[in-house]
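Please open the model in your viewer and keep the selection panel at hand. The stops below follow one another, each with something to select and something to look for.

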Amino acid sequence: MADVLYRRKRRPAMDGMVDAALGYAALGWPVVRGAAPGEDRACNCDRLGCPDPAAHPATMAWGVEASTDADTIRRWWAADPEANVVLPTGRVFDVFDVPREAGVMALARTGRAGVPAGPVAALGSRYLFFVATRSPVDEDEWWSCHLDCVPEAIEDMPGLRWHCRDSFVLGAPSRLPGGDRVSWIRTPRDDGGSVVLPDPIAVLGILADASEEFGDTAS
């Protein structure tokens with residue numbers, strides 16, 4: 001009986017994760033399984049002292065595996081129902097990742113500047129701004145935020161991370177250690193049902209200013 005009650009309690013969360021993955025796929029956004037918080041540790045992956053617990057893909061082949069195929073996605077989450085949802089960047093969209101305070105500041109400014117904010121998610125103490133991706137010919141202007149490295153020029157934009165090709169972010173409602181979840185501040189679809197990914201350069205300018213000001217006030 002206890003096992004039945006446990007399964008009933010867990011089922012909504014499990015269904016929510018696969019439903020979210022299928023929803024992203026319906027937008028044309030490839031998804032892949034991610035790690036998740038462990039029962040007795042921060043991350044259920046095999047790495048001792050994982051540097052990014054529950055916030056990375058479940059396999060090293062995530063770049064090849066990422067898919068929008070509904071049958072594939074259902075099979076993945078049937079085998080691993082608690083897996084977080086990972087969204088590869090640099091394919092349909094890129095993501096600017098800033099401290100929450102800078103993100104709140106930037107959201108207010110995008111409206112005043114007439115720049116569409118596009119989808120925005122909250123991940124712990126960070127805000128994720130989804131923007132249109134650049135073409136491969138522009139890739140030298142961009143840097144990827146990998147799990148274990150940072151760009152050399154990060155000092156130029158304190159607190160700002162730029163996820164593009166060969167990088168990824170967690171999608172809502174992925175779980176973080178401690179019980180928090182990734183959540184949407186602005187959902188992918190606007191009031192008219194369309195997915196609007198704003199110009200990255202316009203959003204970058206606003207985010208860079210907000211990040212710099214937040215860095216000044218925090219120092």
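Begin by selecting β1, β2 and β7, which in this predicted model make up an open sheet of 3 strands, ordered β1-β2-β7 and paired antiparallel. Because β1 (32-34) and β7 are the edge strands, each with a single partner, one side of each has no neighbour in the sheet. Looking from one strand to the next, you will find a twist that averages 45°.

Stay with β1 and β2 and display the pairing between them: these antiparallel strands are joined by 3 bridges, and V32 has V86 of β2 as its bridge partner. Now add α3 to the selection, a helix that lies across β1 and β2 and runs at about 20° to β1.

Next, show the side chains of Y24, I73, W77, V85, L87 and F130, the residues with the most contacts inside the largest nonpolar core, which has 31 residues. At least two residues of this core come from each of α1 (2-26), α3 (70-79), β2 (84-88), β3 (93-99), β4 (120-123), β5 (126-132) and β7 (168-171), and α1 gives the most, with 6 residues. In soluble globular proteins, nonpolar side chains tend to be buried together.

Which residues does Y24 touch once its neighbours within four places in sequence are left aside? Select W29, V31, V85, L87, G171, A172 and W184, with which Y24 is in contact. A second core, separate from the one just visited, has 19 residues, and V98, V131, L160 and L204 are among them.

Move on to β4, where both faces are covered: V120 and A122 are buried on one side, while A121 and L123 are buried on the other. In a regular strand the side chains alternate between the two faces of the sheet. Extending the selection to β5 brings in an antiparallel partner joined to β4 by 4 bridges, with R126 as the bridge partner of L123. The two strands form a hairpin with 2 residues between them, and G124 in its turn has a positive phi of about 60°. Then add β8 (residues 183-186), which runs antiparallel to β4 and is joined to it by 3 bridges; here A122 stands opposite S183.

From β8, step back into the loop between β7 and β8, where P173 is placed, and display the backbone at the cis peptide bond that joins A172 and P173, with an omega of about 5°.

Two further loop residues deserve a look at their backbone angles. A54, in the loop between β1 and α2 (62-65), has a positive phi of about 65° although it is not a glycine. D166, in the loop between β6 (161-163) and β7, likewise is not a glycine and has a positive phi of about 65°. Is each of these residues buried or exposed? A54 is buried, with a relative accessible area of 0%, whereas D166 is exposed, with a relative accessible area of 55%.

Finally, colour the chain by pLDDT, which averages 83, with 80% of the residues scoring at least 70. Over residues 1-12 the pLDDT is below 50, and this stretch has 3 contacts in the model beyond near neighbours in sequence. Residues 141-155 also stay under 50 in pLDDT, and for them the model has 30 contacts beyond four places in sequence. Where pLDDT is low, the predicted coordinates should not be read in detail.

Key:
Residues numbered from 1 in each chain as written. Heavy atoms only, no water. Core = buried A, V, L, I, M, F, W, Y, C linked by side-chain atoms within 4.5 Å. Buried < 20%, exposed > 50% of the residue type's maximum accessible area, 1.4 Å probe, protein only. Contact = heavy atoms within 4.5 Å. pLDDT = per-residue confidence, 0-100. Pairing = 2+ DSSP bridges. Axes fitted to C-alpha atoms, helices over the stretch in contact; angles between N-to-C directions.
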